[in-house]
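Here is a short tour of the open and enclosed spaces in this protein, and of two places where its helices pack together. Have the model open beside you as you read.

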Amino acid sequence: MTPMIPILLLLMAPDTLGYWQQRAAYHITAALDEPAGVLVGHARITYVNRSPDTLRDFFVHQYLNAFRPGSRWAAADAAEGRVRFQRLRDPDYAFERITNASLMGERARPDYPYAPDSTIAHWALPRPLVPGDSVVVEIDWRARPSTLPRRQGRQGRRLDFAQWYPKVVVYDRWGWQDHPLYPAGEFYGEFATYDVMLDLPQDQVIGATGVVVEGDPGWEHAKVDPRLRIDYQRGWYGPRVPGAGCGAVATGRKCVHFHAEQVHHFAFSLNPRYVYDEGRSGDVVVRALYLPEDSATWGKGIAVRNTEVALAWLDSLYGKFAWPTLTNVHRIEGGGTEFPMMVMDGSAGLGLIIHEVGHNYTMGILANNEWREAFLDEGFTSFQTSWFFERHAGRSEYPTLEADVLMLDLDRWSEPVSMPSERFRDFFTYNQMVYDKAQLFYEQLRYVVGDETMRRILRAYYARWKLKHVDEDAFREVAEQVSRQDVKWLFGQWLHGTPLIDYSLKRVRRSPQADGRWLTSVTLERKGDGFMPVEIGTQGRGGEGDTIYARATGQPALERVEFTTAKRPGPLMLDPRVRAHDYNMLNNRERHGLVGGGGGWTLRIDDPFQETVRRDRGVRGLLPVIWSNDFGGVTVGVRERANYLGRYNRALVLGTVATRGGASQVLGLYGRWSNPIGQLQPRTETSVAAWFVEGRAGGKIQVDHALRPRLVDAADPHVGFDALWMATTDLGYLDRRLWDDAGTVEGGPWVSTTRTLGTAVLRARLGAHAGVAYWNPGPGIVANNRYDFEAFGRFAGEASVRTPSWGARLFAGAYLGSSDPVRQRRISIAGADPYETFTNPLLRSRGALLVRPDFHYQAPGGANLRGFRPDLGGRWAVAVNLEATPWVLRRDQGILRGLGLEAFGDAGVVDTTALPSSPPGQWYTTLYDIGVGLMTRHQVKELAWTMRLEVPLAVNRWDDARDFTAGDKRFAFRWQVSVGTSF
């Protein structure tokens, strides 16, 4: 009985004293003009001022006016690049037009304070409405859903009237909540009684909020089981008031009368083709309406059964459902939207139904302001849905959810969850915060207080606040009283800030005790600006569970925790269950070994097709490698690939040995390290590389910073800087057509952007390098000055557009220096230059697999005149590349993902250093090639690649073609291959 005491105390506690909410009653009659999709209605609204304030204004929502040009919704769509309602024309857009209105018996026209948006209508009251007084408002209006569905819609005779009538704006302790409707954020309604009479075509089948007290909703002839005895619940709310029902209707029409109490909205859906099914969860009648063609997914009791499962689960969490019935209809739009006593779903999937039915508890019965504090319904119902599957299906969303939110936090995309909905950076961020990060907040509260206490919190919250307006303070006060903990810090960090959490395990001391037990002392350091309770324990192995020995508060900068165990504890770590949202778990493990190495990394055999990523530790993968070239012969080695979270502490290290007898520089080393987790730079990639391999030594530093202000933006601009040193150390490895015995030290900035427009992808990049080229001692190149080094500048820019069926690219590059460029820094004519291909051992050195004289491989890059020899290059080049790529096969599974044909043409002008002009005497040389080919796309696990087999049929300087045979002319059969798209 002890766990029930806090709940009983809460039920008796006067925490809701002083709380008030307004009272409203709607009496609505409306007739549907089905061919026009227009509902003509009259509403008599009785409104009682139960606040302590005197009211001088009156507001109603006209939500349907959001789904049309000129609304704030349409403006937000346009600002974020979505095309929906801003371009609709009559008769496709929605509207809700007030044609007549009276307040306190006086006719009055509304004004629209947010014009041109008309989702809020306002009147000045003829006289002040003092506390306890009431006003009667009469409104005539016309309403039409849009043909583009969004939380409402129409499609022929199928109509979802989710928003359709003048709905009273909530007046609460903050005043009138007259808020236009935006894409981000939903609704906030005043609890009311609804008496609704709808004049409809005789054959329409309807599902709605409330119970049917009069008329035929069409369920009898629509029921899937002829033996079903439908429970209409007509007497649920007691006897009807005489004379307050349906009147006479025209031939071929019917009146259906619904009644609902203590709800804050009324929605309905119509379709003459609906099939009706029914079930029950306790006292609650469950109704399902769906189309005959949905029988495999909605029928056979699936929709009803899933709705019953949802109600049973939610009753176990919160308490008994507050209303008599729940209707689940298959709406026009995908996804789902919730209304009191009703959900409109795009499918009958169990997860979707649990989520949307959950909103009948958190939003419907516990009625938060959805646009001001969306986390109280969206995050809440996402949390309970996840908890259901964890409990009943044995799978937890937590690991994926926590990791996804963490990446948003680390890149500083996260914003405070408690923000009003329309103030989030964009609609994507709104969804990530109020659904996902808010769900994680409830998970963290559950972690802090424990599962059983979390259940008691939910039941106490529901018992105290059901059928009332709730806010963050209401929920937090219940959580604190039930848990007997101060959780303001948790609410503050997770709802009102975006802190990062990081702990480091500093010291562990173990001491045997006289009684045979062990006393262990653990010191941890808080390194982040946020904090969470931190568990101390060991991670299970071989399927065994984790062992938790103690929990630190996580608040001090340095904290010492002691615990006693029967046996000596094994290697300890902080947060073994990954519940503290610690972003750097590499420093969470006990250090060991002579050099203080930690257990933050795991070593495994690398999978070449898929990189292994773990949340709780870094991963190092080892893989043997082998390749060959003419000078070193067969080269063998080991590659280590490392990462943490798939993005941080990335490393690629290769150690190789050349086996050819007589080869110099037998040992080769290459290493690249990027994005250390200890030096976070949001939206920035940094890397350092160094090498001494196959006749070259050097290093490179790169920085890439993303400038995109919103993740949803079509454009993705970047700026960056790179600096490198490349030196030649052994001429034996070098292809002397591509490399001089020289080195460069250079660096400079670059800027790039990628933009997606429908199926087209536009890319542009501009980069500049300045540096020094130097020549090694000995015979060879002589500079045009007295020194063996020379300053130079190198510039390159390109722009391209690529669609699924064609592509075009423009390239320009130039080298500025008093001497001709060394071969490796020429502007490459036929593809990538030697610096770009250096990291690929199959292209790097003389005689490597893909650059053998008898094999014609094209590495994309440079001017990309693909039919020409790869050693051609000069001071400058301007080129255009064109491709047509009709695809014969496309699929999403298997190794072969696509098969397409290719036709290409490349043309450019280059300086005469690359090729002498023809005819002689010109300052430029014109080149072109034309050909056809075959393209294939492949994928194995995460590794995807494109292969091209190309036939350059025409090359205007044929003696400089990549595949040249004596006797070839302009037109000849030539071939080449490539792994990768051409641009």
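The notes below cover a pocket, the cavities and two helix pairs.

This is a predicted model, in which local features need pLDDT of at least 70 and side-chain atom pairs count only at pLDDT 80 or more, while totals for chains, interfaces and linings use all residues. Residues are numbered from 1 along each chain as its sequence is written, and side-chain values use heavy atoms, with hydrogens and water left out.

**The second largest pocket**

- The second largest pocket has a volume of about 1,200 Å³; a pocket is an open set of points on a 1 Å grid over the protein atoms alone, with protein on both sides within 12 Å along at least five of seven lines.
- Its lining (residues with an atom within 4 Å of a point) has 34 residues, and R639, T839, N840, P841 and L842 lie nearest the centre.
- Elements giving two or more residues to this lining include strand 35 (633-644), helix 12 (834-837) and strand 51 (943-955); helices (H or I, at least four residues) and strands (E, at least two) are DSSP runs, numbered from the N terminus.
- Strand 34 gives the largest share of the lining, 5 residues.
- By class, the lining has 24 nonpolar, 5 polar and 5 charged residues; Ala, Val, Leu, Ile, Met, Phe, Trp, Tyr, Cys and Pro count as nonpolar, Asp, Glu, Lys and Arg as charged, and the others, Gly among them, as polar.

**Cavities**

- The whole structure holds 7 cavities of 30 Å³ or more, a cavity being a set of grid points where a 1.4 Å probe fits but cannot get out.
- The largest cavity has a volume of about 70 Å³, the space filled by probe spheres set on points joined across faces, edges and corners.
- Residues lining the largest cavity include K167, H264, H265, E338 and E370.
- That lining divides into 5 nonpolar, 3 polar and 3 charged residues.

**Helix packing**

- The axes of helix 9 (residues 451-465) and helix 10 (residues 472-483) come within 9 Å and cross at roughly 130 degrees; axes are lines fitted to C-alpha atoms over the stretch in contact, and angles run from 0 to 180 degrees between N-to-C directions.
- Helix 9 and helix 10 are therefore oblique to each other (not under 35, over 145 or 65 to 115 degrees).
- Helix 4 (residues 302-317) and helix 6 (residues 378-392) pack at about 100 degrees, with their axes 11 Å apart, and are therefore roughly perpendicular (65 to 115 degrees).
- Their contact (heavy atoms within 4.5 Å) involves V309, W313, L314 and L317 of helix 4 and Q384, W387, F388, R391 and H392 of helix 6.
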